[in-house]
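Colleague: I've just opened this one and would like to learn how to read it. Could you walk me through it, one feature at a time?

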Amino acid sequence: MKSLKLFLLLFIILSVSVASGCKSGDNSQEAELGKQIEELRKQVDDLKNGQAIPPADNIEDAGTVQQSADVKPIATNAVSDTVESLSKEVDKITAKVDSATIPKDQNEKRTNFYALKDELDLVEDRIDAYDDYIESQQKQGNLSYDDYKNQERQLDDLEDRLDASEDKLERNFGIYD
């Protein structure tokens, strides 16, 4: 019995040794990983230097990512936005939420809910972008601290109105996202 255990132990050790160390001449996978690491390093350096990332179809084995038809790009140009223009957008979307009818069909209900929620999110993204813009303007000295704080308070109020509208949307539709 001892010899059988010794034989099995020796067989297992030999098998593990063979499986883990027999590829001494095959460095192609290692070389490929090295190339990918170098490409990623170059992309990071390009980003640090402000250069654009190459399109995904130029990167080997990048895979494909398809944008959903539901996703809309953020329609914002923080430089052209103002607190007043954003306030008008908040007025529009909150009025739209207030007047929304809730369909009986569950699929249509979900579709309408997420369409309105996406519109709320887009306006919120514009507010966030404008907030970042005025903060950078204040740091650069192009906007006084008092003007910055005043606009910041107004943007906070707009965000509060959007949040309340989103809460109302969720309550009315019975969908809590």
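Modeller: Sure, let's start with some charges. Asp81, Glu89, Lys92 and Arg126 are linked in a network of salt bridges. Keep in mind that this is a predicted model.

Colleague: What is the idea behind such a pairing, and how many salt bridges are found in the whole structure?

Modeller: The general idea is that side chains of opposite charge can pair when their charged atoms come close. Here, searching the whole structure turns up nine salt bridges.

Colleague: Let's take a pair from that network. Which parts do Glu89 and Arg126 tie together?

Modeller: Their side chains meet in a salt bridge at 3.8 Å, N to O. Glu89 belongs to helix α3 and Arg126 to helix α4, so this pair ties together parts that are 37 residues apart in sequence. As for accessibility, Glu89 counts as partly exposed because its relative accessibility is 23%. Arg126 is buried, with a relative accessible area of 15%.

Colleague: Let me step back for a moment. How many helices and strands does the protein have?

Modeller: Five helices and zero strands. Reading along the sequence, you get the pattern α-α-α-α-α. Of the 177 residues of the protein, 21% count as buried.

Colleague: And what share of the contacts comes from residues 24 or more positions apart?

Modeller: Looking at contacts with a separation of 6 or more, residues 24 or more positions apart account for 74% of them.

Colleague: Now the helices themselves. How do I describe two that pack together, and at what angle do α3 and α4 cross?

Modeller: In general, two packed helices are described by the angle between their axes and the distance between the axes. In this structure, take α3, residues 83-98, and α4, residues 106-139: their axes come within 10 Å and cross at roughly 165°.

Colleague: Are α3 and α4 roughly parallel or antiparallel, then?

Modeller: Angles over 145 degrees count as roughly antiparallel, and α3 and α4 are therefore roughly antiparallel to each other. Their crossing is left-handed.

Colleague: Which residues of α3 and α4 meet?

Modeller: On the α3 side you'll find Val83, Leu86, Glu89, Val90, Ile93, Lys96 and Val97, and they meet Leu116, Glu119, Leu120, Val123, Arg126, Ile127 and Tyr130 in α4. Sorted by class, this contact has 10 nonpolar, no polar and four charged residues. Glu89 and Arg126, our salt-bridge pair, are both among the residues that meet here.

Colleague: Let me try the next pair with the same approach. At what angle do α3 and α5 cross?

Modeller: Roughly 10°, and the axes of α3 and α5 come within 10 Å. Angles under 35 degrees count as roughly parallel, and α3 and α5 are therefore roughly parallel to each other. The contact of α3 with α5 has nine nonpolar, five polar and four charged residues. Among the residues that meet are Val90, Ile93, Thr94, Val97 and Asp98 in α3, and Leu158, Leu162, Ser165 and Lys168 in α5.

Colleague: Which parts does the pair of Lys168 and Asp98 tie together?

Modeller: Their side chains meet in a salt bridge at 3.0 Å, N to O. Lys168 is in helix α5, residues 145-173, and Asp98 is in helix α3, so parts 70 residues apart in sequence are tied together. Lys168 counts as partly exposed because its relative accessibility is 30%. Asp98 is partly exposed too, with a relative accessible area of 45%.

Colleague: What about Lys117 and Glu166: are they buried or exposed?

Modeller: Both are buried. They meet in a salt bridge at 3.2 Å, N to O. Lys117 sits in helix α4 and Glu166 in helix α5, so the pair ties together parts that are 49 residues apart in sequence.

Colleague: Finally, how do I read a single residue? Say Leu162: what does Leu162 touch?

Modeller: Start with its place, which is helix α5. Leu162 is buried, with a relative accessible area of 3%. Not counting residues up to four places away in sequence, Leu162 touches Val90, Ile93, Leu120, Val123, Glu124 and Ile127. From C-alpha to C-alpha, Leu162 and Val90 are 6.8 Å apart in space, yet 72 residues apart in sequence.

Colleague: And where is Ser165?

Modeller: In helix α5 as well. Ser165 is buried, with a relative accessible area of 6%. Leaving aside its neighbours within four places in sequence, Ser165 is in contact with Thr94, Val97 and Leu120.

Conventions:
Residues are numbered from 1 along each chain as its sequence is written. This is a predicted model: local features need pLDDT of at least 70, side-chain atom pairs count only at pLDDT 80 or more; totals for chains, interfaces and linings use all residues. Side-chain values use heavy atoms; hydrogens and water are left out. Axes are lines fitted to C-alpha atoms, for helices over the stretch in contact, and angles run from 0 to 180 degrees between N-to-C directions. Helices (H or I, at least four residues) and strands (E, at least two) are DSSP runs, numbered from the N terminus. Angles under 35 degrees count as roughly parallel, over 145 as roughly antiparallel, 65 to 115 as roughly perpendicular and the rest as oblique. A crossing is left-handed if the near helix is turned anticlockwise from the far one by less than a right angle, and right-handed if clockwise. Contact means heavy atoms within 4.5 Å. Ala, Val, Leu, Ile, Met, Phe, Trp, Tyr, Cys and Pro count as nonpolar, Asp, Glu, Lys and Arg as charged, and the others, Gly among them, as polar. A salt bridge is a side-chain nitrogen of Lys or Arg within 4 Å of a carboxyl oxygen of Asp or Glu. Buried means under 20% relative accessible area, exposed over 50%, partly exposed in between (1.4 Å probe, protein chains only).
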